[in-house]
Amino acid sequence: MEEQPVPERRPAGPRGPGAGTGPGIDRRAELSEFLRSRRARLKPEDVGLPDFGRHRRVPGLRREELAQLAGVSVAYYTRLEQGNGQNVSGEVLGAIASALRLTDAEQAHLTHLAKPKQHRKKPSLRQQRVRGALCRLLDTMDGVPAYVVGRRSEILAWNRMAAAVFGDWSQLPAQERNWARLVFLNPDYQDLYVDWDQKASDIVSYLRMDAGCHPDDPRLSALVGELSVKSEEFRRLWARHDVREKSHGLKRLHHPLVGELSLSFETFTLPDDAEQSVVAYHAEPASASAEALRLLASWGTDATRAGSSAPGMQ
């Protein structure tokens, strides 16, 4: 089992589209852009309003239409959409979320942006560490690829099977053990994920949620800035302001040694640390993917050495 704390650094402010200009992400700008993006995706007929075919200079609902649906004044909603959400009540946010047809994850994101926790502590410079007992638990999960992911999509710990499936992360510099960097900046992972577009979208949605909860995190801001500069696809997805939680699902992989894999995954957030989650994968019993996992398990550490083209091995 590999447990590698990620060294904390205080980076310079981010550069690139969608990034803040200081040590953190601009929460007011995030709130404004998020509300605009959610309003733009709705049409009058989607929410039961008449559409008289008038020319619309902007896509989606007008501010006055959204304010009418939420039961607030146009001036009030306009101030909120301009990023002035300090005194907005939970009831008003709920009404706006309902009018915008927000999901639970989107409503939580809106609340974090509009009503940040008071007396928020400065971002911790301490290393993210995984409890020793949890590391030992990962070790006992024979045949089950599993890892721990923390803030900013950082990969904090993993077992032997995760290395066999996803690549030997111990061979990477600590700062590169990050799902966002791997997915957007490492071509091997574009080959690994059959549905790379979906994986990329999921990662950006996760980072958006993280940014809503921790807008003052300089390392997150720097990560967003770096990816915005280096990846056109990241810039496109970041500009969409999509947020969602995905705790389980199916991933299809094209492994360089055993070929196609269809693996279900489950995500378990730690009860004593909501910023760390265990992600575990499994295959349908008696399936070709289950046999492929068995082969990888039998090869052990050789599975990550057998092919130089395996993700993370170059």
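In this predicted model, the buried residues of helix α4 are Val 92, Leu 93, Ile 96, Ala 97 and Ala 99. Viewed along the axis of α4, these buried residues fall within an arc of 160°, so they line one face of the helix. The face of α4 turned away from this buried side carries the exposed residues Glu 91 and Ser 98. The cover over the buried residues of α4 includes α1, α2 (63-70), α3 (74-81) and α5. Just after α4, Arg 101 adopts a positive phi of about 60°.

Helix α5, which spans residues 104-114, has its own set of buried residues: Ala 105, Glu 106, His 109, Leu 110, Leu 113 and Ala 114. Seen down the axis of α5, they fall within an arc of 160°, so they too line one face of their helix. The partners against which the buried residues of α5 pack are α1 (27-40), α4 (90-99) and α10 (196-213). Helices α4 and α5 therefore appear in each other's surroundings: α5 is among the elements that cover the buried residues of α4, and α4 is among those that the buried residues of α5 pack against.

The discussion now turns to the nonpolar cores. In soluble globular proteins, nonpolar side chains tend to be buried together. Here the largest nonpolar core has 44 residues, of which Tyr 147, Phe 166, Trp 169, Trp 179, Phe 184 and Leu 207 touch the most other members. Apart from this core lies another, of 27 residues, with Val 92, Leu 100, Leu 110 and Met 209 among them. Val 92 is one of the buried residues of α4, and Leu 110 is one of those of α5.

Aromatic contacts offer a further view of the model. The structure holds 15 aromatic pairs. In one of these, the rings of Tyr 147 and Trp 169 have their centres 5.7 Å apart and their planes at 85°, so the pair is edge-to-face. Tyr 147 belongs to strand β2 (residues 146-149), while Trp 169 lies in the loop between α7 (160-166) and α8 (179-185), so the pair ties together parts that are 22 residues apart in sequence. Trp 169 also pairs with Phe 166: their ring centres are 6.0 Å apart and their planes stand at 10°, so this pair is stacked. Tyr 147 counts as buried at 3% relative accessibility. Trp 169 is buried with a relative accessible area of 0%, and Phe 166 is likewise buried, with a value of 0%.

These three residues belong to a cluster in which ring pairs link Tyr 147, Trp 158, Phe 166, Trp 169, Trp 179, Tyr 189, Tyr 193, Phe 265 and Tyr 281. Trp 179 also has a charged partner, since the charged end of Lys 199 sits over its ring, 4.4 Å from the centre. Elsewhere, the charged end of Arg 208 sits over the ring of Trp 238, 3.7 Å from its centre.

A last residue to consider is Arg 181, which is found in helix α8. At 11% relative accessibility, Arg 181 counts as buried. Leaving aside residues up to four places away in sequence, Arg 181 touches Gln 175, Glu 176, Asn 186, Leu 223, Glu 226 and Leu 227.

Conventions. Residues numbered from 1 in each chain as written. Predicted model: local features only at pLDDT ≥ 70, side-chain atom pairs only at ≥ 80, totals over all residues. Heavy atoms only, no water. Phe/Tyr/Trp six-rings, centres within 6.5 Å; stacked < 30°, edge-to-face > 60°. Helix = DSSP H or I, 4+ residues; strand = E, 2+ residues; numbered from the N terminus. Buried < 20%, exposed > 50% of the residue type's maximum accessible area, 1.4 Å probe, protein only. Lys NZ or Arg CZ within 6 Å of the ring centre and 35° of its normal. Arc of directions from axis to C-beta. Contact = heavy atoms within 4.5 Å. Core = buried A, V, L, I, M, F, W, Y, C linked by side-chain atoms within 4.5 Å.
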